[in-house]
Amino acid sequence: MENSDAAYMYKTRCDNCGSSDANAVYSDDGKHCFSCGTTVRGDKDTFQQSGTKMKKEFNPSFLEYPNQIRGISKVTLEKFTYGVANGKHCTYYYDTEGDIVAEKYRTKNKEFAWSGSAKEATLFGQHVWKPSDRIKLVITEGEIDCLSVSEMQQNKYPVVSLPNGAASAKRDVKANYEYLSSFKELIIMFDSDEVGQKAAKEVQLMFPPKYAKIAKLPLKDANEMLKQGKSKELVSAIFQAETHTPEEIKSGNKLVELLNKVDNTKGHPFPSFLPLLNSKSRGVRLGDLTILTGGTSSGKTTVAKQLELHFHETTDFNQGIIHLEENIRTTVEGLVSIKMGRRLHLEEDSHKDPAVIEEWTKLCTAMDDEGNYRYSILDAFGSVDPEKVYSMIRYQAQVDKCKIIYLDHISILVSGMMEVDERKALDKIMTDLKSLTQELGIHIFAICHLNNNVNGGKPFEEGGVPNVNNLRGSGGIKQLADNVIATTRDQMAETQEERNQVSIHLLKCRHTGDTGKADEITYSKDTGLFEQGFSSVVNENDTF
């Protein structure tokens, strides 16, 4: 595109859009408003027509270059075409062909305005420096910092800046990725505040390892370094820039420090009626996810409720209880029943019994040393939104200080999700639950149903023993669970004694690797409790 011979003279008001200073007047009496695009032609064209669309012709000659702007010399300002027009800072942006495509204004109040095609613009200063694999390139957040870095290096070494600041860093870096990748190294010198450093880390991760490095400045930004005469410190920051290591990655001394870190994998024993399970699993550890499974009416929920009371009495842990298929009163009544060894739901007027009232009150009002209630029970009957359940688990752990959470059961969470693939949904649920155990340092007991596969043997309701592939719905359950415990009983056995017999099987234990049949326990219809069966014999060498 050829330039007109007409020279820019001054800017004035635009009668079309009302802008007070965007209408440029040229020596041939032509006018062009950089705000609305209105053109009034003079004796010669100041704009050429490209196809059917008028393309702006920018003329940098109207810029004034003061002796200095914020410590930046006139020489540097002219090199980058950064000057003053009508009391405002003004500069130009170029496209990849080296043509000016946009004009940018900056007011004293740090307000910005663009004219032209900002979408076609490359990085500020990109037109000044050609790529070279023998020198470093510095990138800053804004034009003033870019000019400041160049000033302190006597305009000898390449430096560019983002056109729109840290907020659009990833987008602008992506648009100019090829150019930024064409140097020996990329030095990211964003502002030292939280926003700038976050953007710096995000930009660094867009490039190959060790190519992009982050410079740490002792002051807020490069211009502050210039104004305080810290050129040497800035150059040192460039050469001492480091490759950012994500906080999640540990190496070297960080790994050595783990030697003396408190081990949170201490096992907390299961109830005494499960000695073989204790021997095989070494108990319950914080950070783990345990799946309780079994056929319908095999006793898994009753086992869970006995665990709720057991850990209340044998640890100082607060516990969170989420039973999605029963109302909250039934949950509390079950706890009191186990504590008292009575099936209170079968007793008329049990709620009037002074002993029941006393025990009910005692359990519900038990507190830890910080004044948190030992039991936190979610009133979630009929509410199955997974995201809400996760937020409640996080609340129980962080606010109520619960260390063990019971979720009965995970399959029902899928029913609260509209039009989803059950397998994918359960995979996500398991991933989210496992993530919560690690994030919050808690143990989650989650009850899971079985599928209908009987593996060619007995149905599960007739005492058939499941394996991890029988967990209903998703392979993610067996993969992400730390422990899988199954209950089995033959509900069709000939005698009541046999029908009350329940076998415990450890299908998976990540901690010990031990699996297989564990305990035989017996359900008492009188007390509503499981008791140790005759075959649960443990070798003394296997205890912990």
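# A walk through the model, starting at strand 22

Start by selecting strand 22, residues 483-488: six of its six residues are buried, so this strand is largely enclosed by the rest of the structure. Buried here means under 20% relative accessible area, exposed means over 50%, and partly exposed is in between (1.4 Å probe, protein chains only). Helices (H or I, at least four residues) and strands (E, at least two) are DSSP runs, numbered from the N terminus.

Before going on, know that you're looking at a predicted model, where local features need pLDDT of at least 70, side-chain atom pairs count only at pLDDT 80 or more, and totals for chains, interfaces and linings use all residues. Residues are numbered from 1 along each chain as its sequence is written, and side-chain values use heavy atoms, with hydrogens and water left out.

**Stop 1: around strand 22**

Turn on the side chains of strand 22. Asn483, Ile485 and Thr487 point one way, while Val484, Ala486 and Thr488 point the other way, and all are buried.

Now add strand 17, residues 289-294. Strand 17 pairs with strand 22 in the parallel sense, over five bridges; two strands pair if DSSP finds at least two bridges between them. To spot one of these bridges, click Ile291, whose partner in strand 22 is Val484.

Which strand pairs with strand 22 in the antiparallel sense? Select strand 23, residues 501-509, which does so over six bridges. Here you can look for Asn483 and its bridge partner in strand 23, Cys509.

**Stop 2: zoom out**

Show everything as a cartoon. You have 17 helices and 25 strands on screen. Color by burial, and 49% of the 544 residues come up as buried. Switch to a surface and the protein exposes about 27,900 Å², with carbon and sulfur atoms supplying 47% of that; accessible areas come from the Shrake-Rupley method with a 1.4 Å probe, and for residues only the protein chains shown count as cover.

How do contacts spread along the sequence? Of those between residues at least 6 apart in sequence, 60% join residues at least 24 apart. Contact means heavy atoms within 4.5 Å.

**Stop 3: salt bridges**

Next, hunt for charged pairs. A salt bridge is a side-chain nitrogen of Lys or Arg within 4 Å of a carboxyl oxygen of Asp or Glu, and the count comes to 19 by this rule.

Pick Asp514 and Lys280, which form a salt bridge with their closest N and O atoms 3.5 Å apart. Asp514 lies in the loop between strand 23 and strand 24 (516-523) and Lys280 in helix 9 (residues 275-281), so the pair ties together parts that are 234 residues apart in sequence. Asp514 is partly exposed, at 31% relative accessible area, whereas Lys280 is buried at 15%.

Move on to Lys305 and Glu326, whose side chains meet in a salt bridge at 3.2 Å, N to O. This pair links distant parts of the chain, 21 residues apart: Lys305 sits in helix 10 (residues 300-314), and Glu326 in the loop between strand 18 (318-323) and helix 11 (328-340). Is Lys305 buried or exposed? Lys305 counts as buried, at 11% relative accessibility, and Glu326 is buried too, at 16%.

Then select Lys220 and Asp221, another salt bridge, with 3.2 Å from N to O. Lys220 is partly exposed at 43% relative accessibility, while Asp221 is buried at 10%. To finish this stop, select Lys136, Glu185 and Lys213 together: they are linked in a network of salt bridges.

**Stop 4: helix 5**

Go to helix 5, residues 194-204, and click Gln204. Gln204 is buried, with a relative accessible area of 4%. Its side chain reaches the backbone oxygen of Ala212 at 2.8 Å.

Stay in helix 5 for Lys198, which is exposed at 55% relative accessible area. Draw a distance from the C-alpha of Lys198 to that of Ala166: you should get 8.8 Å for two residues 32 apart along the chain.

**Stop 5: the cysteines**

Last, how many disulfides does the structure hold? Zero. A disulfide is a covalent bond between the sulfur atoms of two cysteines; the cut-off used is a pair of cysteine sulfur atoms within 2.5 Å. Two cysteines to click are Cys364, partly exposed at 34% relative accessibility, and Cys448, buried at 0%.

How values were computed:
Polar contact = N/O pair within 3.5 Å; in protein donor to acceptor, adjacent residues only side chain to side chain.
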